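Dear colleague,

I am handing over the structure below, together with some notes on what was found in it. Please keep it open beside you while you read.

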Amino acid sequence: MRVLGGMSMNTSRYSGDTPAIIAAILGTPATMWLARIGLTLPYWWSGIDKLLHPQAALAEMHATGLPASWLLYALILIVQLGGSLTIICNRYAWLGAGALAVFTALATYLAHAFWKLDGAARFAEMNVFMEHIALIAGMAFAALYSYATKRRDA
């Protein structure tokens with residue numbers, strides 16, 4: 001079965017433990033698109049918001065202890081929007097996923113340092129921190145999946 005980006009997905013290898021209807025849903029191009037768009041949603045949404053509200057983006061950078069520079073602003077936009085696009089289009093997805101994972105790790109460390117807090121604030125920041133770790137794992141899965149499908153199709 002052909003899916004997003006010209007990749008093929010062999011749904012028959014999943015037939016042993018996956019119901020046919022689920023295999024059919026997982027094998028559709030729409031599912032692939034929606035999964036990639038959903039995984040990257042926090043990044044491209046944030047990138048568009050930063051693009052539309054540059055002063056707020058600069059203030060956000062400054063609040064995390066980073067210099068509010070236009071160069072850093074541009075780099076963040078490139079990573080968030082460009083990285084998302086590479087994954088959505090499955091072109092250099094490994095690069096986009098890696099860039100977004102590193103960006104997420106740095107931003108999470110700077111903005112969600114739960115170990116410096118106590119009580120309810122610590123608990124809330126720790127939850128956000130863990131959610132960001134899950135996003136990093138999602139980026140790893142996106143890179144792995146892209147690599148595996150391109151390798152299989154070669």
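What follows is a short walk through a helix, a surface patch and a buried residue.

Please bear in mind that this is a predicted model, and that every value here was computed from it.

I began with helix H4, which runs over residues 70-89. At 1.5 Å a residue, its 20 residues should span 28 Å, and because the C-alpha atoms at its ends are 28 Å apart, the expected span and the model agree. The buried residues of H4 are Tyr73, Ile76, Leu77, Gln80, Gly83, Ser84, Thr86, Ile87 and Ile88, and what covers them includes helix H2 (29-52), helix H3 (54-63), helix H5 (93-111) and helix H6 (119-153). After H4 comes Asn90, which has a positive phi, near 55°.

Helix H5, named above as part of that cover, also holds Thr108. Is Thr108 buried or exposed? Its relative accessibility is 1%, and because buried means under 20%, Thr108 counts as buried. If neighbours within four places in sequence are left aside, Thr108 is in contact with Ala113, Phe129 and His132.

On the surface, Ile21, Ile22, Ile25 and Leu26 make a nonpolar patch of about 350 Å². One of these residues, Ile21, lies in helix H1, which covers residues 20-26. Ile21 has a relative accessible area of 57%, and since exposed means over 50%, Ile21 is exposed, whereas Thr108 is buried.

With best wishes

Terms used
Residues numbered from 1 in each chain as written. Predicted model: local features only at pLDDT ≥ 70, side-chain atom pairs only at ≥ 80, totals over all residues. Heavy atoms only, no water. Helix = DSSP H or I, 4+ residues; strand = E, 2+ residues; numbered from the N terminus. Expected span 1.5 Å × (residues − 1). Buried < 20%, exposed > 50% of the residue type's maximum accessible area, 1.4 Å probe, protein only. Contact = heavy atoms within 4.5 Å. Patch = residues over 30% accessible without salt bridge, like charges linked within 9 Å, V, L, I, M, F, W, Y side chains within 5 Å. Areas by Shrake-Rupley, 256 points an atom, 1.4 Å probe, with all protein chains shown as cover. Salt bridge = Lys/Arg side-chain N within 4 Å of Asp/Glu carboxyl O.
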